[in-house]
Amino acid sequence: MQYFWCQTGAVALGFLLDLIFGDPHWLYHPVQLIGSLISKLEKVLLKDTDSDKKKFRNGALLAVLVTVLTGAMTILILFICYRISMTAGFIVESVMCYQILAVKSLRVESMKVYTALKQDGLPAARTAVSMIVGRDTAQLDEHGIVRAAVETVAENTSDGVIAPLFYMFFFGAAGGFIYKAVNTMDSMIGYKNDKYLYFGRFAAKLDDVLNFIPSRIGGVLMVLSAGIASLAEKNGEKHYSMKNAWKIFLRDRKKHSSPNSAQTEAACAGALMVALSGDNYYFGKLVKKPQIGDAVRPLEAEDIKRSHVLLYISAFLMVAAVLGLRVVFFLMI
């Protein structure tokens with residue numbers, strides 16, 4: 001039971017550390033190690049001359065190896081630390097939980113886009129937004145830049161906050177790192193292009209499975225966040241709508257090739273009463289996507305900040321649920 005409370009406290013402390021410090025650029029992040037492992041295994045397992053069947057099989061092998069090795073290393077480190085002392089284990093697991101979460105870094109990186117728009121102009125804003133999105137940004141106007149930043153915050157509320165906390169609820173830092181390994185694989189090899197269509201398919205499907213429940217939780221939490229945020233509005237302001245968030249969440253959450261990606265994006269679009277998604281250029285090619293949400297009001301730069309409000313409220317609701325349910329679970333056994 002002492003370990004259970006240490007693990008619960010580590011999740012809470014890790015969340016607070018993330019809120020305070022974010023991801024310092026000078027600190028080497030363990031996800032970089034996961035990325036390095038993926039790259040090295042890819043060089044060994046992916047050959048252009050392989051058949052599609054062999055590419056899929058080798059891609060599945062890579063996904064299993066990365067997931068198992070990440071989980072095993074995390075569990076081993078924690079086992080050794082907790083064997084030394086509960087205090088050592090608690091400290092190390094807290095740091096691990098902190099490194100998995102991305103609340104502050106998501107706000108910081110998207111705020112760079114807002115600041116560039118307000119102070120430095122479109123060229124600087126395009127450069128800033130290119131750091132957080134995969135689409136072509138060279139020709140984006142202000143509306144396109146704001147839309148890209150808001151979509152990034154909305155989508156990553158699930159991937160960077162809700163999903164890691166969901167798996168930390170069950171398995172602590174080990175669960176969070178296993179999820180992060182799968183999510184990193186999807187971001188590196190889960191593309192539907194000539195190179196990765198078959199090799200990255202298993203990793204992409206595994207990511208879909210792990211995100212299925214968390215993404216829907218994230219969507220519901222963002223709807224609730226809209227209601228909470230609307231209570232703080234003053235002087236007749238109307239920038240958040242819980243009713244519209246629920247409406248758009250139910251209507252548009254499946255408007256994406258991925259079963260999960262539009263869940264929080266639809267809730268965010270509805271919450272802010274704006275239109276998101278739509279056509280984008282990737283590597284010079286136009287990719288047509290359906291619009292998510294209705295343009296009840298025009299999208300504006302301030303919506304980047306408003307998306308941060310939804311991000312933070314959703315994060316607090318999720319961590320409160322995780323900690324509360326762990327306490328209830330303990331009291332019931």
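**Reading a predicted model, feature by feature**

Tutor: Let's start at Met-1, which sits in the segment before helix 1 (2–21). Keep in mind that this is a predicted model.

Student: Okay. Is Met-1 buried or exposed?

Tutor: The general idea is a cut-off: a residue is exposed when its relative accessible area is over 50%. Met-1 has 55% relative accessibility, so Met-1 counts as exposed.

Student: Which residues join Met-1 in the nonpolar patch on the surface?

Tutor: Trp-5, Val-327, Val-328, Phe-329, Leu-331, Met-332 and Ile-333. Together with Met-1 they have about 870 Å² of accessible area.

Student: And which helix gives the largest share of that nonpolar patch?

Tutor: Helix 11, residues 302–332, with five residues.

Student: Helix 11 again, then. What ties helix 11 to helix 5?

Tutor: Here you look for a salt bridge, where a side-chain nitrogen of Lys or Arg comes within 4 Å of a carboxyl oxygen of Asp or Glu. Lys-118 and Glu-302 make one, at 3.8 Å from N to O. Lys-118 lies in helix 5 (residues 103–120) and Glu-302 in helix 11, so the pair links parts that are 184 residues apart in sequence. Glu-302 itself is partly exposed, with a relative accessible area of 26%.

Student: How many salt bridges does the structure hold?

Tutor: There are 13. Try another one: the side chains of Glu-151 and Arg-147 meet at 3.2 Å, N to O.

Student: Where do Glu-151 and Arg-147 lie?

Tutor: Both are in helix 7, four residues apart, and that's about one turn of the helix. Glu-151 and Arg-147 are both buried, too.

Student: Which residues are joined into one network by salt bridges?

Tutor: Begin with Asp-252 and Lys-255, whose closest N and O atoms are 3.2 Å apart in their salt bridge. Asp-252 is buried, with a relative accessible area of 0%, while Lys-255 is partly exposed at 30%. Salt bridges with shared partners connect these two with Arg-251 and Asp-294 in one network.

Student: Last one, about helices. At what angle do helix 2 and helix 7 pack?

Tutor: The angle between helix 2 (residues 30–45) and helix 7 (residues 142–189) is about 50 degrees, and their axes are 10 Å apart.

Student: What do we call that arrangement of helix 2 and helix 7?

Tutor: Check the cut-offs: under 35 degrees is roughly parallel, and roughly perpendicular starts at 65, so an angle between those is oblique. Helix 2 and helix 7 are therefore oblique to each other. As for handedness, helix 2 passes helix 7 in a right-handed crossing.

Notes. Residues are numbered from 1 along each chain as its sequence is written. This is a predicted model: local features need pLDDT of at least 70, side-chain atom pairs count only at pLDDT 80 or more; totals for chains, interfaces and linings use all residues. Side-chain values use heavy atoms; hydrogens and water are left out. Patches are made of residues with over 30% relative accessible area and no salt bridge: like charges are joined within 9 Å, nonpolar side chains (Val, Leu, Ile, Met, Phe, Trp, Tyr) within 5 Å. Accessible areas come from the Shrake-Rupley method with a 1.4 Å probe; for residues, only the protein chains shown count as cover. Helices (H or I, at least four residues) and strands (E, at least two) are DSSP runs, numbered from the N terminus. Buried means under 20% relative accessible area, exposed over 50%, partly exposed in between (1.4 Å probe, protein chains only). Axes are lines fitted to C-alpha atoms, for helices over the stretch in contact, and angles run from 0 to 180 degrees between N-to-C directions. Angles under 35 degrees count as roughly parallel, over 145 as roughly antiparallel, 65 to 115 as roughly perpendicular and the rest as oblique. A crossing is left-handed if the near helix is turned anticlockwise from the far one by less than a right angle, and right-handed if clockwise.
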